[in-house]
Amino acid sequence: MLPPGVDTVLSVLRSSAVVLDESDSVVKASSAAYALGLVRGGKLAVEPMLNMARDTRRDGEIRQVELDLPRRGTGRGEALAVSARVAPWAPGSCCSWSRTSPRPGASRRCGATSSPTSATS
């Protein structure tokens with residue numbers, strides 16, 4: 001069960017946010033998460049982010065990584081530079097991303113550009 005007000009918080013965030021339960025199903029997601037294609041069919045659609053959420057759920061560590069994600073519908077090799085951060089939120093994980101900027105010519109493959117790091121704040 002999510003605390004009261006989660007819907008309100010998700011609706012005003014400039015970054016996209018997704019809350020997953022223990023079975024990796026999306027419990028709540030911001031409209032930006034859907035618009036960027038991060039959530040499809042009730043699941044987190046970006047494998048590196050899903051793996052981060054699973055790792056965070058397992059050990060409770062906050063993780064952050066920079067990713068290049070393909071832009072939906074462009075087909076031109078453009079990517080979005082995304083900073084992904086995952087933090088535990090019982091009973092699942094709250095995963096948030098902030099869209100930074102388009103990267104023309106970036107790889108169409110979804111992949112990390114730096115290693116996940118633990119954070120204490």
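**Exercise 1. Which residue in S2 stands opposite leucine 20?** Find the partner, then describe how the two strands are joined.

*Solution.* A friendly note before we start: the model you are looking at is predicted.
- Step 1. Look across from leucine 20 into S2, and you meet valine 26.
- Step 2. Now widen the view to the strands themselves. S1 covers residues 16-20 and S2 covers residues 26-29. The two run antiparallel, with 3 bridges joining them.
- Step 3. Finally, follow the chain from one strand into the other. S1 and S2 make a hairpin, and 5 residues lie between them.

**Exercise 2. Describe the overall layout of the protein chain.** Work from the order of its elements to its surface.

*Solution.*
- Step 1. Count the elements: the protein chain has 3 helices and 9 strands.
- Step 2. Put them in order. Along the sequence the pattern reads α-β-β-α-β-β-α-β-β-β-β-β.
- Step 3. Ask how far apart in sequence the contacting residues are. Taking contacts with a separation of 6 or more, 50% are between residues 24 or more positions apart.
- Step 4. Turn to burial and surface. Of the 121 residues, 37% are buried. The accessible surface is about 6700 Å², and carbon and sulfur atoms account for 52% of that.

**Exercise 3. Work out the surroundings of aspartate 24.** Begin with its backbone, then move to its side chain.

*Solution.*
- Step 1. Locate the residue: aspartate 24 sits in the loop between S1 and S2.
- Step 2. Check the backbone. Although aspartate 24 is not a glycine, its phi is positive, at about 70 degrees.
- Step 3. Decide whether it is buried or exposed. The relative accessible area of aspartate 24 is 10%, and buried means under 20%, so aspartate 24 is buried.
- Step 4. List the company it keeps. Beyond its neighbours within four places in sequence, aspartate 24 contacts Gly42, Lys43, Leu44, Leu50, Arg54 and Arg57. One of these, lysine 43, is 19 residues away along the chain, yet the two C-alpha atoms are 6.8 Å apart.
- Step 5. Look for a polar partner. The side chain of aspartate 24 makes a polar contact of 2.7 Å with the side chain of arginine 54.

**Exercise 4. Find the nonpolar cores.** Name the central members, then the elements that contribute.

*Solution.*
- Step 1. The largest nonpolar core has 20 residues, and those touching the most other members are Val18, Leu20, Leu38, Leu44, Met49 and Leu69.
- Step 2. At least two residues of this core come from each of S1, S2, helix H3 (47-59), strand S5 (62-70) and strand S6 (79-89).
- Step 3. Another core, of 5 residues, lies apart from it, and its members include Leu2, Val6, Ala17 and Val19.

**Exercise 5. Track two buried residues that make polar links.** Take arginine 63, then serine 83.

*Solution.*
- Step 1. Arginine 63 belongs to strand S5. Its relative accessibility is 12%, so arginine 63 counts as buried.
- Step 2. The side chain of arginine 63 reaches the backbone oxygen of aspartate 55 at 3.5 Å.
- Step 3. Serine 83 lies in strand S6. With a relative accessible area of 15%, serine 83 is buried.
- Step 4. The side chains of serine 83 and glutamate 66 are in polar contact at 3.2 Å.

Methods. Residues are numbered from 1 along each chain as its sequence is written. This is a predicted model: local features need pLDDT of at least 70, side-chain atom pairs count only at pLDDT 80 or more; totals for chains, interfaces and linings use all residues. Side-chain values use heavy atoms; hydrogens and water are left out. Helices (H or I, at least four residues) and strands (E, at least two) are DSSP runs, numbered from the N terminus. Buried means under 20% relative accessible area, exposed over 50%, partly exposed in between (1.4 Å probe, protein chains only). Contact means heavy atoms within 4.5 Å. Accessible areas come from the Shrake-Rupley method with a 1.4 Å probe; for residues, only the protein chains shown count as cover. Two strands pair if DSSP finds at least two bridges between them. A polar contact is a pair of N or O atoms within 3.5 Å; within protein, one must be able to donate a hydrogen and the other to accept it, and residues adjacent in sequence count only if both atoms are side-chain atoms. A nonpolar core is a set of buried Ala, Val, Leu, Ile, Met, Phe, Trp, Tyr and Cys residues joined through side-chain atoms within 4.5 Å.
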